[in-house]
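Hi there,

Here is the structure I promised to pass on. Please open it alongside this email, and my notes follow below.

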Amino acid sequence: MRQDLVRLGFKELRTPEEVDQTLAKVTEPTLVVVNSVCGCAAGALRPAVALSLWDEEAPRPVNLATVFAGQDLDATQRAREYFTGYAPSSPSVALLKEGELVWMLERHQIEGRPPQMIAAALRHAYEEHCRPAA
């Protein structure tokens with residue numbers, strides 16, 4: 001389950017220190033996936049993330065990071081501190097830009113939806129927040 005995202009180029013953040021090193025000072029768009037063992041993560045979220053990143057010519061986040069809810073508790077808690085205004089949600093996806101949360105996809109927006117629909121929402125967020133400055 002971890003490797004599904006690592007194979008896509010995601011950096012695993014397993015400690016609060018790794019979360020802060022990755023998220024606190026980054027200026028480029030950063031996608032953070034809160035991974036989990038639930039069925040909606042396996043059947044919908046992780047496949048959707050892979051689909052959303054398939055086209056390397058399209059806008060996409062520069063940095064990819066993941067924490068694993070239920071396993072790396074402290075790292076997950078620290079990552080959630082960056083998701084201002086949102087309750088803890090597993091799985092979920094956050095898009096940060098210049099250290100600020102600019103877009104969030106929560107569990108209730110993942111459950112019951114096919115990967116293609118979730119991927120489309122992710123790509124829309126990339127279009128809006130990950131285009132290079134002109």
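The secondary structure of this protein comes to 5 helices and 5 strands; helices (H or I, at least four residues) and strands (E, at least two) are DSSP runs, numbered from the N terminus. Following the sequence, you meet them in the pattern α-β-α-β-α-β-α-β-β-α. The radius of gyration is 13 Å, close to the 14 Å that the globule rule gives for 134 residues, so the protein is as compact as a globular protein of that length. That radius is taken over C-alpha atoms, and the globule rule is 2.2 Å times the number of residues to the power 0.38.

Before the details, two notes on how to read this. It is a predicted model, where local features need pLDDT of at least 70 and side-chain atom pairs count only at pLDDT 80 or more, while totals for chains, interfaces and linings use all residues. Residues are numbered from 1 along each chain as its sequence is written, and side-chain values use heavy atoms, with hydrogens and water left out.

Now the overall picture. Along the principal axes, the C-alpha atoms fill a box of roughly 35 × 35 × 30 Å. Of the 134 residues, 47% count as buried (buried means under 20% relative accessible area, exposed over 50%, partly exposed in between, with a 1.4 Å probe and protein chains only). Among contacts (heavy atoms within 4.5 Å) between residues at least 6 apart in sequence, 69% join residues at least 24 apart.

Next, the helix pairs. Two packed helices are described by the angle between their axes and the distance between the axes. Axes are lines fitted to C-alpha atoms, for helices over the stretch in contact, and angles run from 0 to 180 degrees between N-to-C directions.

Helix 3 (residues 39-52) packs on helix 5 (residues 115-129) at an angle of about 45°, and their axes are 8 Å apart. The two are therefore oblique to each other (under 35 degrees counts as roughly parallel, over 145 as roughly antiparallel, 65 to 115 as roughly perpendicular and the rest as oblique). Helix 3 contributes residues including Gly43, Pro47 and Leu51, and helix 5 residues including Ile118, Leu122 and Tyr126. By class, this contact has 10 nonpolar, 3 polar and 1 charged residues. Here Ala, Val, Leu, Ile, Met, Phe, Trp, Tyr, Cys and Pro count as nonpolar, Asp, Glu, Lys and Arg as charged, and the others, Gly among them, as polar.

Helix 2 (residues 16-23) and helix 4 pack at about 35°, with axes 7 Å apart. Pro16, Val19 and Asp20 in helix 2 meet Asp74, Ala75, Arg78 and Ala79 in helix 4. That contact divides into 4 nonpolar, no polar and 3 charged residues.

Finally, three residues to click on:

- Leu64 is in strand 3 (residues 63-68) and counts as buried, at 11% relative accessibility. Leaving aside residues up to four places away in sequence, Leu64 touches Leu8, Gly9, Phe10, Lys11, Leu31 and Leu53.
- Pro91 lies in the loop between helix 4 (73-81) and strand 4 (92-97). The peptide bond from Ser90 to Pro91 is cis, with omega near -5°.
- Glu98 is in the loop between strand 4 and strand 5 (100-105). Although Glu98 is not a glycine, it has a positive phi of about 50°, and at 58% relative accessibility it counts as exposed.

Best wishes
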